[in-house]
Amino acid sequence: MEALYDVVIIGAGISGNAAAKFLADRGWKTALIERKSFPRHKVCGEFLSPESFSMLRLIGADHTVLKLNPNYIDHAGIYLQRGGTINVPLPSMALGVSRFSMDQALLRAARQAGIDVLSETSVTAVVACDNGYRIMARCGANKYELAARTVIAASGAQNCPPFHRNNTAEMTSDDCNRQGIDSMRSSSKRSEFAQTYVGVKAHFNGAAVNSAVELYFVDGGYAGVSSVENGKVNVAALFQRDFFQRHSKTVLGSIEAACAKHPALGARLLHADPISGTEAAVAPIDLRRKPILWDGFARIGDAAVMIPPLCGDGMSIALRSAIICSSLAHRYLKKEISAKQWQSEYEKAAKQQFSSPRLWGKLLQKAITVPYLPDILLPAARWIPGIATGLIKATRLKDNHTSLL
């Protein structure tokens, strides 16, 4: 089976949904492919920064999110393992909303916008051809192809499909699938030695709901706690691999280990009960990975660029990359620019937008891993409040995205 689209977007997370809606609203025939079933729980701080929400407003998805009854967040609390805390007001109001609810709502809105959504469908390869791309896909035992004028990958850092330049007419779906598996295996082997972090997440009932996003630092990582919709509390943590392996090697086991090490975190979750089925984990997480904006076709979201989760602005960067890229895709589809111009302008804009937040984010992430350095920085931030506020601003995107459209 072959279907012809103007654009196929691989990955139905927040960046893929944003790009799909942007292009479908402008009249382009769009398909959105997701390899897993929706909705599902994901490892995410579930903190929607003011910058993120303004971009959802730009694509007309703000009311969709507000209907989910999110929790409102106005400050950040920072808690060190050996005592000491600081509260930092946020520049403007943020939201706490679960990815389970938000992804489900955005996917529903995508279908209403006329986007063809293919869930539980794996893309095994993307092949360049004269008129665009052939997308090899598999849903269960069924294999099929889609044809598209262009492709955008929003499938995360570890799940981008392999790209092939079609030099022979005899390449088949099985050939592409076999080559893709080999490529992914070699990439996985390389990453095993390079990466050192594991991300976990779970929802809890019974913990106090408040208007803060809270960061609890322990030797070996940190846990973020924030309230989301319907009185639930999300706990998302990033641990060094050896910390995770030294304990029970489960989501709840690693969170319990962090609680045992951090008295304030233990007290925060003392009367909380985990909600069954909300646990999620991801590994390995590569905080050193360089941005890859284009690899045979455009990439957005985590597939393109990542900021350390500590900064709490991952969804903002995902949405901004989607808006920049899809606005250029719109111009490409209208034949106003070439693919090379699209790539060049996208990479230039991404460098301007993301370089500073990524740099400050990496420096901050590195600082918290230096023994006792956080214990020195916290008193300084308490006595000079502008330090903490300045760091928050430094790791945030500038709110100038409307100039990109």
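**Figure 1. Helix 2 and helix 9 pack side by side, their axes coming within 8 Å and crossing at roughly 30°.** This close-up, like the others here, is taken from a predicted model. Two packed helices are described by the angle between their axes and the distance between the axes. Here helix 2 covers residues 50–58 and helix 9 covers residues 314–333. The crossing of helix 2 with helix 9 is left-handed. Which residues of helix 2 meet helix 9? They are Glu51, Ser52, Met55, Leu56 and Leu58. On the helix 9 side, the partners are Met315, Ser316, Leu319, Arg320 and Ile323. Sorted by class, this contact has 6 nonpolar, 2 polar and 2 charged residues.

**Figure 2. Helix 2 is largely enclosed by the rest of the structure.** Why can we say so of helix 2? Because 7 of its 9 residues are buried. If you would like to find them, look for Pro50, Glu51, Ser52, Phe53, Ser54, Met55 and Leu56. A residue counts as buried when its relative accessible area is under 20%. The neighbours that these buried residues pack against are strand 3 (47–48), helix 3 (62–66), strand 5 (85–96) and helix 9. Glycine 60 follows helix 2, and its phi is positive, near 80°.

**Figure 3. The largest cavity holds about 80 Å³ of space.** Rolling a probe the size of a water molecule over the atoms shows where empty space is left. In this model, the count comes to 2 cavities of 30 Å³ or more. The lining of the largest cavity includes Ile14, Asn17, Ala18 and Lys21. Leu56, Ile59, Ala61 and Thr64 are also among the lining residues, as are Leu106, Ala109, Ala110 and Leu319. Which helix gives the largest share of this lining? Helix 1 does, with 4 residues. Helix 1 (14–24) and helix 4 (99–112) each supply at least two residues of the lining. By class, the lining divides into 9 nonpolar, 2 polar and 1 charged. Two names may look familiar from the first view: Leu56 and Leu319 take part in the contact between helix 2 and helix 9, and both also line this cavity.

**Figure 4. Glutamate 46 and glutamate 120 each have a positive phi.** Glutamate 46 has phi near 55°, a positive value in a residue other than glycine. Where is glutamate 46? Look in the loop between strand 2 (30–33) and strand 3. Is glutamate 46 buried or exposed? Its relative accessibility is 0%, so glutamate 46 counts as buried. Glutamate 120 has phi near 50°, again positive in a residue other than glycine. To find glutamate 120, follow the loop between strand 6 (116–118) and strand 7 (122–129).

**Figure 5. A cis peptide bond runs from alanine 283 to proline 284.** The omega of this bond is near -5°. Proline 284 belongs to strand 16, which spans residues 280–285.

**Figure 6. Stepping back, the whole protein has 12 helices and 17 strands.** How many of its 405 residues, as a percentage, count as buried? The value is 54%. Now consider contacts between residues at least 6 apart in sequence: 71% of them join residues at least 24 apart.

Terms used. Residues are numbered from 1 along each chain as its sequence is written. This is a predicted model: local features need pLDDT of at least 70, side-chain atom pairs count only at pLDDT 80 or more; totals for chains, interfaces and linings use all residues. Side-chain values use heavy atoms; hydrogens and water are left out. On a 1 Å grid over the protein atoms alone, a cavity is a set of points where a 1.4 Å probe fits but cannot get out, and a pocket is an open set with protein on both sides within 12 Å along at least five of seven lines; lining residues have an atom within 4 Å of a point. Grid points are joined across faces, edges and corners, and a volume is the space filled by probe spheres set on the points. Ala, Val, Leu, Ile, Met, Phe, Trp, Tyr, Cys and Pro count as nonpolar, Asp, Glu, Lys and Arg as charged, and the others, Gly among them, as polar. Axes are lines fitted to C-alpha atoms, for helices over the stretch in contact, and angles run from 0 to 180 degrees between N-to-C directions. A crossing is left-handed if the near helix is turned anticlockwise from the far one by less than a right angle, and right-handed if clockwise. Contact means heavy atoms within 4.5 Å. Buried means under 20% relative accessible area, exposed over 50%, partly exposed in between (1.4 Å probe, protein chains only).
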